[in-house]
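Let's take a walk through this fold, one sheet at a time. Keep the model open beside the text and follow along.

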Amino acid sequence: LLTLGISAQVKLAPLNIKERTLANGLRVVSVQDNSNPTVSIHVWYDVGGKNDPPGRSGFAHMFEHMMFKATKNMPDEKMDRLTEDVGGFNNASTWPDFTNYYEVVPSNHLETLLWAESDRMVNLNVDEKNFASEREVVKEEYRQGVLAPPYGKLYWLLDDITFQKHPYRRGVIGDLDQLSAATRADAEQFYKTYYRPDNAVLIVVGDFDQKQFDSYVDKYFGRLAKPTGAIPRVTEVEPEWTAERRFKETGPRVPFPATAIVYRAPRTNSPDIPALRLASAILSGGESSRMYISMVREQQIAQEADLDLELNTEGGRMSLIGIGSEKGTSENLEQAMLAELKKIQDNGVTAKELEKAKNQLIARAVRSLETNDGKAIAIERAVAYLGDPKALNNEVAKLQAVTAADIQRVMKTYFKNNNRVVIYYNQADADKK
């Protein structure tokens, strides 16, 4: 672990990131690292929850599941056999802005996995059986993730009632009624629209020879045709939040009140993002953070107190969230969170707090680059949020450059009374015993 005072001196050697673009539009990003005999393969698609068709919330998420089904050349679950059976792993995830698929395998299986990824990019079987089974899986995820946990609906509401126009308001996980109304033809259209080489970035990090890797990419991805037709992009622009909005919401099985105060976040390419991340660490980064000490330990009104940053390419949200304890009420949770916010706006942060927050975030960044997959994930985030894989090499320097004055400034700039949505979340009266 980095100790106090070390973060200011940390100098990371930049990753030797190679980039090229194939004739069909596929971007290829690679880092050769022969220090251990594994390779991490990521395929990033520029399609996320925000791209779900109108009335078809959850499509990008459903596709994340469908991509593990049969293709023209592979039976169902073949990706599991190609990875898990050789000691590796695979997974995927859907975000508001993108969907990613990834595998880590022994490096002598690199060619096979590149073939498999190129195959499912264009040859997926979007048949009725696969569509129906994965739609049910996604619906069950909604039930388990949103409906079942006591505060699951609250976290869903952070998007649903705060965004006024932008499709970020739909979230990612989906909507039961809209998923039920979807058809197999809808799904096939979505696949053909977004799953194409010119809407993807292939990221590979690990134990390979660059020339051989390039030849594999040419062999399996280079043969894919460049699609015709434009890729639809989100055109809705979220209006400025210019007046406070307040909501009283209820859910079943809510043991104690909860309050969320949600502010609009800048785009991920904003130079203010590093300062906001450090502010979040100071306010809610662990049991020695300001919100935890004040609300959980001293006032004992909360069991959890967080500043949650949902940072998206087109401007996300920043949520002060208090989950109450026995002494918690909607009102005292709101007052306590606003009091912590005002303290940081009026008086700033101490040099020691800033140093500690930098240590936390820089240590996390350094640790994340210790594995091939960690490097691939970091590159992928740089592609997604900054549009440039090499931006990863500047992350630590940008955190180190943040001053206490920067933190006070961003907290005043973005956390304004007229730029917020306040949500009181309690148990529905009918559910109270």
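## About the model

This is a predicted model, in which local features need pLDDT of at least 70 and side-chain atom pairs count only at pLDDT 80 or more, while totals for chains, interfaces and linings use all residues. Residues are numbered from 1 along each chain as its sequence is written, and side-chain values use heavy atoms, with hydrogens and water left out.

## The six-stranded sheet

Let's start with the sheet whose strand order is 1-2-6-3-5-4: it is open, has six strands and shows mixed pairing. Strands here are DSSP runs of E with at least two residues, helices are runs of H or I with at least four, and both are numbered from the N terminus. Two strands pair if DSSP finds at least two bridges between them. Strand 1 (18-21) and strand 4 (89-94) are the edge strands, and each pairs on one side only. On average, neighbouring strands of this sheet are turned by 15° against each other, direction ignored.

Strand 6 (200-206) has parallel and antiparallel partners. Six bridges link strand 6 to strand 2 in the parallel sense, and the bridge partner of S30 in strand 6 is V204. Strand 3 pairs with strand 6 in the antiparallel sense over seven bridges, with L202 in strand 6 as the bridge partner of V43. Strand 3 (residues 38-45) also runs antiparallel to strand 5 (residues 99-106), joined by eight bridges; there V39 stands opposite V105.

## What covers this sheet

Helix 1 (residues 59-66) lies across strand 4 and strand 5 and runs at about 170° to strand 4. Angles run from 0 to 180 degrees between N-to-C directions, and axes are lines fitted to C-alpha atoms, for helices over the stretch in contact. Helix 8 (residues 210-220) packs on the sheet too, touching strand 1, strand 2 (27-32) and strand 6, and its direction makes about 155° with that of strand 2.

How much of strand 6 is buried? Seven of its seven residues are, where buried means under 20% relative accessible area, exposed over 50%, and partly exposed in between (1.4 Å probe, protein chains only). A200, L202, V204 and G206 are buried on one side of strand 6, and V201, I203 and V205 on the other.

## Two nonpolar cores

A nonpolar core is a set of buried Ala, Val, Leu, Ile, Met, Phe, Trp, Tyr and Cys residues joined through side-chain atoms within 4.5 Å. Which members of the largest core touch the most other members? Of its 48 residues, they are F63, L114, Y195, L202 and F221. Leaving aside neighbours within four places in sequence, Y195 is in contact (heavy atoms within 4.5 Å) with Y45, V47, F63, M67, T99, Y101, M121 and F190. A second, separate core has 44 residues, among them A265, L278, I362 and M411.

## The five-stranded sheet

The other sheet to look at is open, has five strands in the order 7-11-8-10-9, and is also mixed in its pairing. Strand 7 and strand 9 (302-310) stand at the edges with a single partner strand each, so one side of each is left without a neighbour in the sheet. From one strand to the next, the twist averages 15°. Strand 9 pairs with strand 10 in the antiparallel sense over eight bridges, and D308 has S319 in strand 10 as its bridge partner.

Helix 9 lies across strand 9 and strand 10, running at about 175° to strand 9. Helix 11 (residues 330-347) packs on the sheet and touches strand 7, strand 8, strand 9, strand 10 and strand 11; its direction makes about 40° with that of strand 8. In helix 5 (residues 152-160), the buried residues are G152, L154, L157, L158 and D159. These pack against helix 4 (128-147), strand 7 (245-251), strand 8 (258-264), strand 10 (317-324) and strand 11 (420-427).

## Helix 9 meets helix 15

The axes of helix 9 (residues 273-284) and helix 15 (residues 404-414) come within 9 Å and cross at roughly 95°. The two helices are therefore roughly perpendicular to each other (angles of 65 to 115 degrees; under 35 counts as roughly parallel, over 145 as roughly antiparallel and the rest as oblique). A275, L276, L278, A279, I282 and L283 in helix 9 meet D406, I407, V410, M411 and Y414 in helix 15. By class, this contact has 10 nonpolar, no polar and one charged residues. Ala, Val, Leu, Ile, Met, Phe, Trp, Tyr, Cys and Pro count as nonpolar, Asp, Glu, Lys and Arg as charged, and the others, Gly among them, as polar.

Is I282 in helix 9 buried or exposed? I282 is buried, with a relative accessible area of 5%. Not counting residues up to four places away in sequence, I282 touches S289, R290, I344, V349, E353, L354, A357 and I407.
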